[in-house]
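Student: I am new to this structure and would like to understand how its descriptive labels are earned. Could we go through them one at a time?

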Amino acid sequence: MPRTTKAEAPVAMDLDMVQARYVELGPYTVGFESFPEDLDPAPLFADLPDGRCQCPHWGQVVSGQVVFRYADHEETYRAGDVYYGAPGHVPLIFAGTEVVEFSPTEQFQQTAAALEAAMSATTGA
């Protein structure tokens, strides 16, 4: 049976705004993400359809708070909550938030590529 832990997952990002580790388990990517500061990544989603994440996510908030903003409503999740983020959301993340998230790998990779391109364009890297 495929399995992992946060300590075993490779480090994918270690930035001021996010520390993230990801590993593929079957057709899903498991993400361990920590946010030491408030983050509104809405501008990074601009090149995705409707300017929103089109990848579904299932997860648990380990600490902190995350808000998924949809075109017609918002959903707030706090420490201990298990959530489903439907396609068409933009996250808003608060300092001290840590999540464990499961996403279909193919859709996750497409979204990650768009976000990385937007970050590179913003930083000039």
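Tutor: Let us begin with a term we shall need: a residue is called buried when its relative accessible area is under 20%, exposed when it is over 50%, and partly exposed in between. Please keep in mind that this is a predicted model.

Student: Why is Arg69 called buried?

Tutor: The relative accessible area of Arg69 is 17%, and the limit for buried is under 20%, so Arg69 counts as buried.

Student: What makes the pair of Asp40 and Arg69 a salt bridge?

Tutor: A salt bridge needs a side-chain nitrogen of Lys or Arg within 4 Å of a carboxyl oxygen of Asp or Glu; the closest N and O atoms of Asp40 and Arg69 are 2.7 Å apart, and therefore the pair qualifies. The two residues sit in distant parts of the chain, with Asp40 in the loop between β3 and β4, Arg69 in strand β5, and their places 29 residues apart in the sequence. Asp40, at 40% relative accessibility, counts as partly exposed.

Student: How many salt bridges are there by this rule?

Tutor: The count comes to three. One of them joins Glu8 to Arg3, with the closest N and O atoms 3.0 Å apart. Here Arg3 counts as exposed, because its value of 52% is set against a limit of over 50%, whereas Glu8, at 46%, counts as partly exposed.

Student: What does the salt bridge between Lys6 and Glu98 tie together?

Tutor: Lys6 lies in the segment before β1 and Glu98 in strand β9, so the pair ties together parts that are 92 residues apart in sequence. The closest N and O atoms of Lys6 and Glu98 are 2.9 Å apart, and Lys6 is partly exposed, with a relative accessible area of 34%.

Student: Why is the aromatic pair of Phe68 and Tyr83 called edge-to-face?

Tutor: Two rings pair if their centres lie within 6.5 Å, and planes over 60 degrees apart count as edge-to-face; for Phe68 and Tyr83 the values are 5.5 Å centre to centre and 75° between the planes, so both conditions are met. Phe68 lies in strand β5 and Tyr83 in strand β7, so this pair ties together parts that are 15 residues apart in sequence. Phe68 is buried at a relative accessible area of 3%, and Tyr83 is buried at 4%. The structure holds six aromatic pairs, and Tyr28, Trp58 and Tyr84 form one aromatic cluster.

Student: Which way do the side chains of strand β7 point?

Tutor: They alternate: Tyr83 and Gly85 point to one face and are buried, while Val82 and Tyr84 point to the other face and are not buried. Strand β7 also pairs with strand β4 in the antiparallel sense, over four bridges, and in this pairing His57 stands opposite Gly85.

Student: How do you know that Thr97 is buried?

Tutor: Thr97 has a relative accessibility of 1%, which is set against the limit of under 20%, and so the label buried applies. Thr97 is found in strand β9, and its side chain reaches the backbone nitrogen of Gln65 at 2.9 Å. Leaving aside neighbours within four places in sequence, Thr97 is in contact with several residues, among them Glu33, Phe35 and Ser63.

Key:
Residues are numbered from 1 along each chain as its sequence is written. This is a predicted model: local features need pLDDT of at least 70, side-chain atom pairs count only at pLDDT 80 or more; totals for chains, interfaces and linings use all residues. Side-chain values use heavy atoms; hydrogens and water are left out. Buried means under 20% relative accessible area, exposed over 50%, partly exposed in between (1.4 Å probe, protein chains only). Two strands pair if DSSP finds at least two bridges between them. Rings of Phe, Tyr and Trp (its six-membered ring) pair if their centres lie within 6.5 Å; planes under 30 degrees apart count as stacked, over 60 as edge-to-face and the rest as tilted. A polar contact is a pair of N or O atoms within 3.5 Å; within protein, one must be able to donate a hydrogen and the other to accept it, and residues adjacent in sequence count only if both atoms are side-chain atoms. Contact means heavy atoms within 4.5 Å.
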